[in-house]
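Please open the model in your viewer and keep the selection tool at hand, as each stop on this tour begins with something to select.

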Amino acid sequence: MSLRFPKTKLNTPTRGLNRDVYELEPIQRLIHELPSVTVSFVVDNRPVCMPMIAAMGSFDNPSSEFDEPLDAYVHGYVSFHLANLLREAGDEGIPICLSGHTVDALVLTSTPFSHSMNYRSAIIHGNASLVTEEEEKLYAMKIITNSIVPDRWDHCNGTPLPAEIATTSIIKVKVASGTYKARTGQGNEKSANYDPSTLGSIWVGNVPFNQTFGEPIPASYVENQIPVPGYLQEYLDYYNQKNQKYKV
């Protein structure tokens, strides 16, 4: 049996009920693998949204997979807005939301009302607090780096210096609920304006959208640059092939 997040008022959609998924694996994997997510919280009764890099992991159980309970980690400069807010909140932390999505195709129909997109999206809700222990900060910095390119941390020059660690805030989100939604397939001509006789004069169909990495460009300030390492090329190929499959 796959572990699932409980249905709550926060994560139960009001539309597209046949698309909602509560299994941990697709929710946590998408948040971890997206290049960036939107971090949302409230300041003085006003909503604030920030694009940030997030990674899913478990400091207490580092070998945990995406289908097991994980925490979300995001990082920023020591004095950035959310870090200051969390310092004021203390041990209680604050409620927070992380969301992200990717588009796989435009879905064009004969009427404006029925247009759609094929997509994958994930939202998690939880409570955020600052990580204060250096060992956990280093763990979080490592998995965040490796969420950008797997194994990148071990192929860099050493670990961050104490001053670099001190100027970095790590935010840990204890996840309470989450949901995953996705759309696939062709359009659904559900508008009252749908007229099959006009289809010959209106183009309808899907326009695939494929986000891919291009060829790596060596830094100009490095002489005698080494070839693109295998771990990096393997990840670029994996990412491009994965998104190609979603597009199809």
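## The enclosed space

In this predicted model, the search for cavities of 30 Å³ or more gives a count of 1. Its volume is about 40 Å³, and to find it you can select Thr102, Val103, Asp104, Arg120, Phe209, Asn210, Gln211 and Asn243, which line the largest cavity. Strand β5 provides the largest share of this lining, with 3 residues, while by type the lining divides into 2 nonpolar, 4 polar and 2 charged residues.

## The open pocket

Next, select His32, Met56, Phe66, Ile143 and Asn146, which among the 19 residues lining the largest pocket lie nearest its centre. This pocket holds about 430 Å³ of space, and its lining is made up of 10 nonpolar, 6 polar and 3 charged residues. If you then colour α1 (24-33), β3 (54-57), α3 (134-148) and α5 (230-247), you will see elements that each supply at least two residues of that lining. Where does the largest pocket lie with respect to domain 1 and domain 2? Domain 1 (20-102 + 118-181) and domain 2 (210-247) both give residues to the lining, so the pocket lies between them.

## A helix with a buried face

Finally, select helix α2, residues 81-89, where Leu82, Ala83, Leu85 and Leu86 are buried. When you look down the axis of α2, its buried residues fall within an arc of 160°, so they line one face of the helix. The elements covering these buried residues include β1 (37-43), β4 (71-77), β5 (94-108), β6 (116-130) and β7 (168-183). Just after α2, stop at Gly90, which takes a positive phi of about 70°.

Terms used. Residues numbered from 1 in each chain as written. Predicted model: local features only at pLDDT ≥ 70, side-chain atom pairs only at ≥ 80, totals over all residues. Heavy atoms only, no water. 1 Å grid on protein atoms, 1.4 Å probe; cavity = no way out; pocket = protein on both sides within 12 Å on 5 of 7 lines; lining within 4 Å. Points joined across faces, edges and corners; volume = space filled by probe spheres on them. Helix = DSSP H or I, 4+ residues; strand = E, 2+ residues; numbered from the N terminus. Nonpolar A, V, L, I, M, F, W, Y, C, P; charged D, E, K, R; others polar. Domains from an automatic or database assignment. Buried < 20%, exposed > 50% of the residue type's maximum accessible area, 1.4 Å probe, protein only. Arc of directions from axis to C-beta. Contact = heavy atoms within 4.5 Å.
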